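User: I should like to learn how to read the secondary structure elements of a model and the way they pack. May we work through one example together?

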Amino acid sequence: MTRTQDFEDAAPRPFIHAGRTTLVYRSGREDGPDFVLLHGVGMGHAYWRGLAADLGTSGTVYALDLPGFGDAPEPEEPLDMPGSGDLIAELIRGLGITRPVLIGHSMGTQLAVEAACRHPELFPELVLLAPTVNPAERTYLRQGLRLVQDMITPQLTTMYYGAIYYVKAGPRWYLKKLGTMMRHHVELRMPLIRAHTLVVRGERDRISPRGWAREVVRLIPDARLVEVPGHGHETMITGYPEVAAAIRTHLGLPDGDDLPGLH
C-alpha cells in the first residue's frame with residue numbers, strides 16, 4: 001500500500017473550468033478506487049472529514065469545494081445542473097482520474113446524476129447520499145422549512161459545519177444555487193443512469209424521506225437502497241462508518257487496508 005497524505009493535511013489543488021474554480025483536496029491511498037465527493041448546498045469539503053478518512057483506507061479520495069462554496073471563489077452566476085455535471089466530467093478528465101466512484105450528498109446528488117447521465121463512459125459507479133430534491137416538496141418554502149428542521153440537531157459537529165459553511169457561502173449565493181436545484185427535475189434524469197448505483201439515507205432524514213428514496217431506487221435501472229438507523233440528512237457526518245461500510249459492500253471491496261486492488 002502506498003499512502004497519500006491524510007485528509008487533515010491535504011492542501012487544495014485548484015481546477016479551473018469555464019471561468020469557475022473548484023478546489024480539490026486529495027487524500028487516502030494510491031491504489032484502489034478514486035472516491036470523488038460532491039457536497040451539498042451551502043457546504044464544503046471539510047464536512048466529509050470522517051467519511052474521507054474511512055474511505056481513504058480503501059482508495060484515493062478527492063473532496064471538492066464546488067465554485068462559490070467553502071474556500072472556492074464565487075463566480076458571477078451558478079451553473080445549472082447539466083452544466084455542473086459537465087464541470088465534474090471535465091474535472092475527472094483534467095485530473096486524470098481513471099477509477100471514479102462518484103459520491104454526492106444532497107445537492108451533490110443532483111450534480112452526480114447529471115454527470116452520470118451525460119457522461120456514462122466516465123462513471124460506472126454512483127453513490128447518492130440523501131438525494132434531493134423530493135418532487136413532492138419542490139417549493140422554496142418547503143425546502144426552507146426542511147433546512148431549518150435539519151439544522152436543529154443535537155449533533156454539534158453538524159451544527160458547526162452548517163454554521164461555518166453557510167456563513168462562507170452567504171445568503172445571496174446560497175439562494176442562487178438553490179434556484180438551480182429547484183429548477184432541476186432530477187426524477188426525469190434518473191431513468192437514464194446506467195451506473196451501478198447505491199442510494200443511502202438516514203432513517204430520520206426529513207429532506208430525503210423514505211418514500212422518495214424508494215422512488216429513486218425504482219427510477220434508476222441498477223440501484224439499491226441502504227438506510228442507516230438513527231441518523232438524519234447528515235448521516236455521512238454522524239454515521240460515516242456505516243456509510244463507508246455500505247459503499248465498500250456495494251463495490252465488493254474488503255474493509256480498509258485489506259484492499260488488494262480494484263477488480
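User: In which sense do strand S1 and strand S2 pair, and over how many bridges?

Analyst: The model is a predicted one. The sense of a strand pair is read from the bridges between the two strands. Here S1 (residues 12–17) and S2 (residues 20–28) are antiparallel, with six bridges. One point of register is Pro-14, which stands opposite Leu-23 in S2. The hairpin of S1 and S2 has two residues between the strands, and Ala-18 there takes a positive phi near 55°.

User: What is the strand order of the sheet, and is the sheet open or closed?

Analyst: One follows the pairings from strand to strand. The sheet is open, with eight strands in the order S1-S2-S4-S3-S5-S6-S7-S8 and mixed pairing. S1 and S8 (223–228) each have a single partner strand, so each of these edge strands has one side without a neighbour in the sheet. From one strand to the next, the twist averages 20°. Within this order, S2 and S4 (residues 60–65) run antiparallel and are joined by six bridges; Val-24 has Leu-64 in S4 as its bridge partner.

User: Which strands does helix H2 touch, and which lie under the path of helix H3?

Analyst: Contacts identify the strands, and angles give the direction. H2 packs on the sheet and touches S1, S2, S3 (34–38), S4 and S5 (100–105), its direction making about 120° with that of S1. H3 lies across S3, S5 and S6 (125–129), at about 145° to S5.

User: At what angle do H2 and H3 pack against each other?

Analyst: For a helix pair, one reads the angle together with the axis separation. H2 (residues 81–95) and H3 (residues 107–118) pack at about 70°, with axes 8 Å apart. Because angles of 65 to 115 degrees count as roughly perpendicular, H2 is roughly perpendicular to H3. On the H2 side the contact includes Met-81, Pro-82 and Ile-88, and on the H3 side it includes Met-107, Leu-111 and Arg-118. The residues of this contact of H2 with H3 comprise six nonpolar, three polar and three charged.

User: Which residues of helix H9 are buried?

Analyst: An α-helix has 3.6 residues a turn, so residues three or four places apart point the same way. In H9 the buried residues are Val-243, Ala-244, Ala-246, Ile-247, Arg-248, His-250 and Leu-251. H9 (residues 240–251) has twelve residues and reaches 16 Å from its first C-alpha to its last, close to the 16 Å expected at 1.5 Å a residue. Gly-252 follows H9 and has a positive phi, near 75°.

Methods
Residues are numbered from 1 along each chain as its sequence is written. This is a predicted model: local features need pLDDT of at least 70, side-chain atom pairs count only at pLDDT 80 or more; totals for chains, interfaces and linings use all residues. Side-chain values use heavy atoms; hydrogens and water are left out. Helices (H or I, at least four residues) and strands (E, at least two) are DSSP runs, numbered from the N terminus. The expected span of a helix is 1.5 Å times one less than its number of residues. Buried means under 20% relative accessible area, exposed over 50%, partly exposed in between (1.4 Å probe, protein chains only). Two strands pair if DSSP finds at least two bridges between them. Axes are lines fitted to C-alpha atoms, for helices over the stretch in contact, and angles run from 0 to 180 degrees between N-to-C directions. Angles under 35 degrees count as roughly parallel, over 145 as roughly antiparallel, 65 to 115 as roughly perpendicular and the rest as oblique. Contact means heavy atoms within 4.5 Å. Ala, Val, Leu, Ile, Met, Phe, Trp, Tyr, Cys and Pro count as nonpolar, Asp, Glu, Lys and Arg as charged, and the others, Gly among them, as polar.
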